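Please work through the exercises below with the sequence and the model open side by side. Each one sets a task and then solves it step by step.

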Amino acid sequence: MKKRYAYILGLLIVLTLGYNSVYFKKLSVVKAATKENFDFKAYADSIYYKGILKSKKITLGDLTSLMQSNPETTFEKYGNRLGIGNSAYFMIQSTGKIIDITDGLYTIADEKNGIVYIDTKYIFGNAIRDASGLVKLTDFKTNAQFNKVSESLNDIIRNDVIPKEISKVKLGDSISFSGAIKLSKKQNLREKITVIPSQIKLQ
Amino acid sequence: MNITLNHPLVKKSQSLIALFLLCLFISLLSDKFMTSTNLWNVLRQISVNVCISVGMTLVVLMAGIDLSVGSVLGLSAAVCAGVLKNGLVFESLDLFVGFTVLGAILTAMLIGMALGLFNGWVITKFAIPPFVATLAMLTIARGLTMLYTEGIPISNLGPKFEFIGSGWILGIPVPVWISLIMVLIVVFLTNKTTFGRYIYAIGGNEKAAFLSGISINKIKLAVYGIAGMMAAVGGILVTSRLNSAQPNAGMSYELDSIAAVVIGGTSLSGGVGTVTGTVIGAIIIGVLNNGLVLLDVSPFWQQVVKGIVILLAVIIDKMNQKNK
């Protein structure tokens, strides 16, 4: 009998704790509320056109030579990263000649840095957002919202920047470009670097 | 009364005497040490280690070791912050499950307990040495934390949650209250329950404990479960203090925890030790850390000094055992 009361009491405690621990909502309602509150496209437009395009970027040549001489300071000064680890994103600019175009991957012969790839097909991930250093995680309520900024920035690059700018360049052209790259502190700088472009211009 | 170094009272209070001497030494060299702000700060800082260490004490009393507490802390803290901030999403059911602060805390504690129970299960079921089993969990839990957080901190957890780590109740920091409650619970468990006596019995002589009818596997499971849950409580305190769950939270906390247990007089071979001793051990480490910072000692030397203190504690423990 005593055990029975103990079980009932235990069950009541579990139910009370459970009732005060979680709440349920329709996912569509939550999503709609999130969308109403924040215009990701407008935010990404402002970050791209007012921030990324106008920001001063380190040249790829300077970055690689600084990386060789003092990687720690270079990471601190020019790198942007959200979490921990040995990798960071950098917003760079450079110039070079297009020597190959294969399936959206532009191979650039950069005078100072040798071969550099510009990827115009697979614009995914957080490279542009994180390299810009302009978007803070703490400005967003959820990680999903924070990632949505990346999606919107990638949309701008994918749908506006690349079709507009890439139509003007062809094999053999000299171009100037800027974009995001990811480097690790122990990066082998002889390896080919792939740039996620934020701008490509015919020289 | 003639009191020598071998007097039982001196032996029993050696951690307390060491703490007193340490405080005296630091306060003579730094006038900032004995200020109320600094002392509350020290207590607030050590509350995380106290929570982990009281759980670790139970494990060490049983002649075990738990190297995974730091990683368990990290994973519990990350899940706590994750569910609090993002809830759970079930796309196919069009369902969003949100968590209150209480819900997030309970989830973290359940995660910690589950990981601890898993440690206990592996140790008892497969007769794997605790060192190896918990070392594996250290890596697994840290990897899971990185996967869950994607290496990015989960921040902005709200003022209610932040209060746990930064608030004050009756002029005492909330983390100190929480660690005090945890200590009292474990002191009660070890001193006033058969469960506590079984832990000492298993640590003293596992074979004898088995022959006297103690269900060793069940006790071990429970102890590792409690140690995991205590680590999770530590994780909640760290996360609320920073208002952010860091993917590398709790890294190498197991070492400070084991150090607190050993300095507090718990024997690594099991069966001997007290929770209050561990609390004093944790305070010694906290005071030592604080003192070395106040005295502007290089962080590299701080590690050396901490290592020497732990070594001394183990040597004293061995000498005491020999004398017995």
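The conventions come before the exercises, and each solution follows its task.

This is a predicted model, in which local features need pLDDT of at least 70 and side-chain atom pairs count only at pLDDT 80 or more, while totals for chains, interfaces and linings use all residues. Residues are numbered from 1 along each chain as its sequence is written, chains are lettered from A and ligands numbered from 1 in the order in which they are written, and side-chain values use heavy atoms, with hydrogens and water left out.

**Exercise 1. Confidence and helix length**

Task: find where in chain B confidence is lowest and where it is highest, then check the span of α5(B) against its expected value.

Solution. Begin with pLDDT, the predictor's confidence in each residue, from 0 to 100: chain B averages 91, and 96% of the residues score at least 70. Within chain B, the lowest mean, 68, belongs to helix α1 (residues 8-12), and the highest, 97, to α5(B). Helices (H or I, at least four residues) and strands (E, at least two) are DSSP runs, numbered from the N terminus. The expected span of a helix is 1.5 Å times one less than its number of residues, so the 25 residues of α5(B) should span 36 Å, and this agrees with the 35 Å between its end C-alpha atoms.

**Exercise 2. Two unusual phi angles**

Task: place B:A127 in chain B and decide whether B:E150 is buried or exposed.

Solution. As background, most residues other than glycine have a negative phi. B:A127, which follows α5(B), has a positive phi of about 50° although it is not a glycine, and it lies in the loop between α5 (101-125) and α6 (130-149) of chain B. Buried means under 20% relative accessible area, exposed over 50%, and partly exposed in between (1.4 Å probe, protein chains only); B:A127, at 64%, is therefore exposed. B:E150, also not a glycine, has a positive phi of about 55° and sits in the loop between α6 and β3 (154-155) of chain B. Its relative accessible area is 59%, so B:E150 counts as exposed.

**Exercise 3. Surroundings of two residues in chain A**

Task: determine which residues A:S21 contacts, leaving aside its neighbours within four places in sequence, and which residues A:V116 touches.

Solution. A:S21 is found in the loop between α1 (2-19) and β1 (22-26) of chain A, and its relative accessible area of 6% makes it buried. Counting contact as heavy atoms within 4.5 Å, and leaving aside neighbours within four places in sequence, A:S21 meets B:G98, B:F99, B:T100, B:L102, B:G103 and B:L106. A:V116 lies in strand β5 (residues 114-119) of chain A and is buried, at 1% relative accessibility. Not counting residues up to four places away in sequence, A:V116 touches several residues, including A:L60, A:Y106, A:F177, A:I193 and A:V195.

**Exercise 4. Cysteines**

Task: state how many disulfides the structure holds, and describe where B:C51 stands.

Solution. A disulfide is a pair of cysteine sulfur atoms within 2.5 Å, and over all chains the structure holds 0. B:C51 is in no disulfide, since the nearest cysteine sulfur, that of B:C80, is 14 Å away. B:C51 is buried, with a relative accessible area of 0%, and B:C23 is likewise buried, at 16%.
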